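Let's take a walk through this one together. Have a look at the fold below, and then we'll go from a single residue out to the whole chain.

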Amino acid sequence: MAATDRPRSITASAECGDGTRPVRRSSAVRTAAGGAPGINKTISALTSAALALPGLASSVQAAGPMERQWDVGYFHYEEGGERMRVESLKQSLVLPLGDALDLTLNAVRDTISGASPIYNVPEIRCQDGRVFTAPVISVSGASGNAEPSGTRPERPPLNTGDCRLGSARQVMLEDTFQDVRSAGDFKLNYYRGDTSLGLGAGVSREQDYDSRFLSLDLRREINDKLTTLAFGYSLASDTFSPLNKPDFSGDKDAHQILLGLTQVLGRNDLLQINLTLGYDQGYLTDPYKNVYLLSTNAAIDESRPDSRRQWNLLARYNHYFTAFKAALHLDYRYSRSDWGIDAHTLEAAWIQPLGQGWHLIPRLRYYTQSEADFYQSYFETLPASGDYSSDYRLAGFGALGGGLKLTRQVTSQARLDLGVEFYDRQSAYGLQEHADSAFADYGFTVYSLNLHLEF
């Protein structure tokens with residue numbers, strides 16, 4: 001049986017505010033916002049430093065074909081508690097095609113293994129000190145209306161005497177899961193004057209999951225190249241064929257629209273504002289997640305709404321400190337969906353040159369989200385809405401993250417990057433009112449090594 005918490009990015013698998021797991025995101029729209037070209041030497045230094053930060057390089061590229069370059073990177077992702085592990089190899093090749101075109105080719109191969117939570121069972125605590133884990137009759141089936149079978153286990157009377165419901169415990173998928181994800185995409189950019197147009201497409205394939213996407217983005221520089229306006233659209237079409245349901249498959253489409261503004265505020269300051277609107281429709285339920293139903297002692301399939309609207313606001317500010325020859329990056333993200341999840345993210349990074357081609361980049365991040373309207377750690381009876389989930393990623397919680405990256409410009413054409421990142425999810429870190437989900441707390445670490453060549 002396949003696991004579901006496979007990390008497509010550092011945090012995408014853990015935080016619904018950045019993109020709920022069942023919906024694969026196209027990176028093309030997220031990178032559609034244009035940035036400031038080299039306005040002057042200082043801004044150029046600022047943006048050059050920005051290139052060291054993941055996800056920002058695309059927002060500061062010049063309005064012209066990029067130089068020929070090749071990146072190859074290795075990533076190791078590992079969750080605590082012997083959960084998921086991922087080994088990833090990524091490559092990216094940029095080819096200028098004349099004076100007005102460039103082509104970017106990306107490829108990634110992930111090897112995934114480990115275990116992940118599938119549902120939660122309540123714990124029953126009695127005054128005499130006894131602690132019971134609620135008995136479970138596991139039930140499979142896609143409808144969520146399956147009938148329990150077999151002899152129903154006994155449990156103490158609840159909330160009428162000496163025994164009451166306490167917290168919960170996660171039931172993990174056995175640690176035998178293995179999968180390989182292969183993905184590739186391309187993007188063709190066309191430049192004319194102060195305008196650039198990008199067209200991209202890609203595919204991703206796993207044992208049980210196929211995804212295809214395309215994207216279109218338009219950028220235009222105005223105001224003597226101090227202002228860049230951006231528009232982007234992407235469509236991802238995914239098919240889920242869960243291994244535990246051989247006769248079932250589910251399809252979903254994900255649309256995203258991005259509006260962006262990048263403004264050079266002065267000699268040392270850059271501001272970027274992006275607004276992203278998303279609409280997902282189709283099979284959004286996770287087929288490997290169950291909920292525990294106390295009234296029947298059964299673990300049944302979860303059921304999520306078949307559509308979701310979400311909008312995200314990103315505000316990014318960069319400042320270059322001339323005295324230190326260093327740059328500060330501050331990001332704030334707000335996300336809201338009609339599933340009831342509000343999420344806030346604060347992130348700061350400092351890019352410090354050390355001399356002799358060395359750069360040091362420490363980074364800190366805080367995240368908090370509210371819980372989905374249809375989330376509970378377990379259910380006594382099924383809600384009338386027909387939507388119910390105990391997925392820990394839909395719970396209310398907070399997370400602290402950070403990392404350290406060291407880069408070395410080996411030659412004028414070669415750069416080596418070495419990084420480590422950590423993530424600590426805690427129910428108590430969440431700022432919004434939410435039910436306690438401390439039983440689902442966990443953390444992960446990511447190690448990365450990347451070689452960048454220009455030729």
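In which strand is the place of Leu 218? Leu 218 sits in strand S10, a strand that runs over 209–222. Keep in mind that we're looking at a predicted model.

Now for how much of that leucine shows. Leu 218 has a relative accessible area of 39%, so it counts as partly exposed, since that class covers values between 20% and 50%. Leu 218 also has company: it belongs to a nonpolar patch on the surface, where its partners include Tyr 190, Phe 231, Ile 257 and Trp 311. Taken together, the residues of this patch offer about 850 Å² of accessible area. Strand S10 supplies at least two of them, and so does each of strands S9 (195–205) and S12 (250–264).

For a contrast, turn to Arg 304, in the loop that links strand S15 (298–301) to strand S16 (307–321). Arg 304 counts as buried because its relative accessibility is 5%, and the cut-off is under 20%. What does its side chain touch? One polar contact, at 2.5 Å, goes to the side chain of Glu 302. Another, at 2.7 Å, pairs the side chain of Arg 304 with that of Asp 391.

Stepping back to the whole protein, you'll count 22 strands and two helices. There are 455 residues, and 49% of them are classed as buried. Among contacts with a separation of 6 or more, 66% are between residues 24 or more positions apart. As for the outside, the accessible surface is about 20,400 Å², with 57% of it belonging to carbon and sulfur atoms.

Conventions
Residues numbered from 1 in each chain as written. Predicted model: local features only at pLDDT ≥ 70, side-chain atom pairs only at ≥ 80, totals over all residues. Heavy atoms only, no water. Patch = residues over 30% accessible without salt bridge, like charges linked within 9 Å, V, L, I, M, F, W, Y side chains within 5 Å. Areas by Shrake-Rupley, 256 points an atom, 1.4 Å probe, with all protein chains shown as cover. Salt bridge = Lys/Arg side-chain N within 4 Å of Asp/Glu carboxyl O. Helix = DSSP H or I, 4+ residues; strand = E, 2+ residues; numbered from the N terminus. Buried < 20%, exposed > 50% of the residue type's maximum accessible area, 1.4 Å probe, protein only. Polar contact = N/O pair within 3.5 Å; in protein donor to acceptor, adjacent residues only side chain to side chain. Contact = heavy atoms within 4.5 Å.
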